[in-house]
Amino acid sequence: MQSVDLNLLAVLDALLQEGSVSGAARRLHLTPPAVSRSLAKLRSITGDELLVRAGRHLVPTPVAVGLRQRTHDALVAAYEVLAPPPTRSDVEIEQKLNRAFTIRTGPDNANGFGPAILAAVRRRAPEVRLRFVPELDEAVEALRDGQIDLVLGSPIAAKAENVHRETLVTDTIVIVARIDGTFARVCRERAPTITELARHGHVNREPVSGWNEALDRALLSDGLERTVVATAPGFAATFRIVDSADLICLAPARLTRPMLGAHLRSWPSPLALPNLIIEQSWHHRSQTDPEHRWLRDRVREAVESTQAAAIN
């Protein structure tokens with residue numbers, strides 16, 4: 001296909017609508033010589049004179065008459081393609097939204113926030129479906145390729161390109177143990193000491209988080225070491241083991257508070273441990289898409305409401 005300067009389409013439309021070089025120049029905010037040069041190019045491309053002089057005026061050739069409406073329609077279509085999409089309100093989006101969104105997250109976030117996110121989405125757009133899928137290493141690639149729409153979890157690698165992030169949760173780390181267990185009888189209502197943390201058996205939630213590693217470093221600097229009796233995938237399983245075996249674990253306070261039940265409670269950590277950070281992350285390809293923006297708003301609202309309920 002021959003390469004054509006699409007700016008010539010606008011010139012041709014103006015010439016055919018105005019019927020003169022000066023009129024087309026005024027419409028396009030160009031100089032008459034510039035329009036005359038474009039007319040020469042158009043004549044060369046089409047192989048037709050297009051406009052010929054008749055006295056003081058220019059009149060279209062039969063070819064130009066046949067091109068007039070087609071040229072105008074093509075120009076309007078080009079402007080529509082290149083124009084920014086119209087802004088749609090949430091109500092307008094929700095009226096027609098019928099699709100599935102895929103959110104990559106871990107079992108704890110799915111358990112803690114999944115019901116609220118689904119309720120927030122379906123309350124406003126009943127035809128929307130959500131797929132919560134497990135966390136994997138290739139999050140950036142999956143976002144880029146459209147395999148997933150959103151990541152809800154720990155921060156993605158800082159060097160990830162074209163990824164937008166929004167922090168939704170910053171949670172402190174506490175010690176969880178049986179309400180009537182050995183740890184509770186030692187500490188009662190006060191915060192435990194670092195020595196007491198080392199004396200009790202621990203359960204690590206997998207994958208191991210930064211706060212567990214920070215605890216190990218702090219213990220080692222004091223010549224202490226803890227015993228990790230078991231590991232478990234997610235806090236639900238971790239808490240069951242803590243309860244049944246009278247052990248202790250580290251856990252984010254607000255995220256896991258609804259999971260403690262009647263048998264477990266929490267104590268403040270004697271150490272300044274790294275906070276739990278939960279972000280929603282998305283690729284730049286969906287940054288301005290109205291439907292993806294709508295989804296992010298619903299996720300934010302659901303997480304905020306869940307966290308507020310945990311505080312109260």
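## Helices and strands

Helices are DSSP runs of H or I of at least four residues, and strands are runs of E of at least two, both numbered from the N terminus. The model described here is a predicted one. In that numbering, Glu 301 lies in helix α13, while Thr 102 belongs to strand β3.

## The five-strand sheet

Five strands form an open sheet in the order β4-β3-β5-β12-β6, and their pairing is mixed. At the edges are β4, residues 129-133, and β6, residues 163-171, each of which pairs on one side only. From one strand to the next, the twist averages 20°. Strands of a sheet pair through backbone hydrogen bonds, in either a parallel or an antiparallel way.

The edge strand β6 is joined to β12, residues 276-283, by eight bridges, and these two strands run antiparallel. Within this pair, Val 163 stands opposite His 283 of β12.

## Helices packed on the sheet

Helix α6, residues 107-124, packs on the sheet and touches β3 (100-105), β4, β5 (150-153), β6 and β12. The direction of α6 makes about 175° with that of β4. Since angles over 145 degrees count as roughly antiparallel, α6 is roughly antiparallel to β4.

Helix α13, residues 290-311, also packs on the sheet, where it touches β3, β4, β5, β6 and β12. The direction of α13 makes about 10° with that of β6. An angle under 35 degrees counts as roughly parallel, so α13 and β6 are roughly parallel.

Glu 301, a residue of α13, is partly exposed, because its relative accessibility is 34%. The C-alpha atoms of Glu 301 and Ile 117 are 8.1 Å apart, although 184 residues separate the two in sequence.

## Thr 102 in strand β3

Is Thr 102, in strand β3, buried or exposed? Its relative accessible area is 7%, and buried means under 20%, so Thr 102 counts as buried.

The side chain of Thr 102 is joined to that of Arg 131 by a polar contact of 2.8 Å. With neighbours within four places in sequence left aside, Thr 102 is in contact with Arg 131, Val 133, Gln 147, Ile 148, Asp 149 and Leu 150.

## The α2 and α3 pair

Helix α2, residues 21-28, packs against helix α3, residues 32-46, at an angle of about 110°, and their axes are 8 Å apart. Angles of 65 to 115 degrees count as roughly perpendicular, which is why α2 is described as roughly perpendicular to α3.

On the α2 side the contact is made by Val 21, Ala 24 and Ala 25; on the α3 side, by Pro 32, Val 35, Ser 36 and Leu 39. Sorted by class, the residues in this contact are six nonpolar, one polar and no charged.

## The β1-β2 hairpin and Leu 50

Strand β1, residues 51-54, is joined to strand β2, residues 57-60, by four bridges, and the two run antiparallel. Arg 53 has Leu 58 of β2 as its bridge partner. This hairpin has two residues between its strands, and Gly 55 takes a positive phi near 70°.

Leu 50 is found in the loop between α3 and β1. Leu 50 has a positive phi of about 70° although it is not a glycine. With a relative accessible area of 1%, Leu 50 is buried.

## Other backbone features

Most residues other than glycine have a negative phi, and most peptide bonds are trans. Asp 246 has a positive phi, near 55°. Its place is the loop between α11 and β10 (248-252). Asp 246 is partly exposed, at a relative accessible area of 28%.

Which peptide bond is cis? The bond joining Glu 206 and Pro 207 is cis, with omega about -5°. Pro 207 is found in the loop between β8 (201-206) and α10 (210-221).

## Arg 240 in helix α11

Arg 240 is placed in helix α11, residues 235-245. Its relative accessible area is 64%; exposed means over 50%, so Arg 240 counts as exposed. Along the chain, Arg 240 and Met 259 are 19 residues apart, and their C-alpha atoms are separated by 10.0 Å.

Definitions and conventions. Residues numbered from 1 in each chain as written. Predicted model: local features only at pLDDT ≥ 70, side-chain atom pairs only at ≥ 80, totals over all residues. Heavy atoms only, no water. Pairing = 2+ DSSP bridges. Axes fitted to C-alpha atoms, helices over the stretch in contact; angles between N-to-C directions. Contact = heavy atoms within 4.5 Å. Nonpolar A, V, L, I, M, F, W, Y, C, P; charged D, E, K, R; others polar. Buried < 20%, exposed > 50% of the residue type's maximum accessible area, 1.4 Å probe, protein only. Polar contact = N/O pair within 3.5 Å; in protein donor to acceptor, adjacent residues only side chain to side chain.
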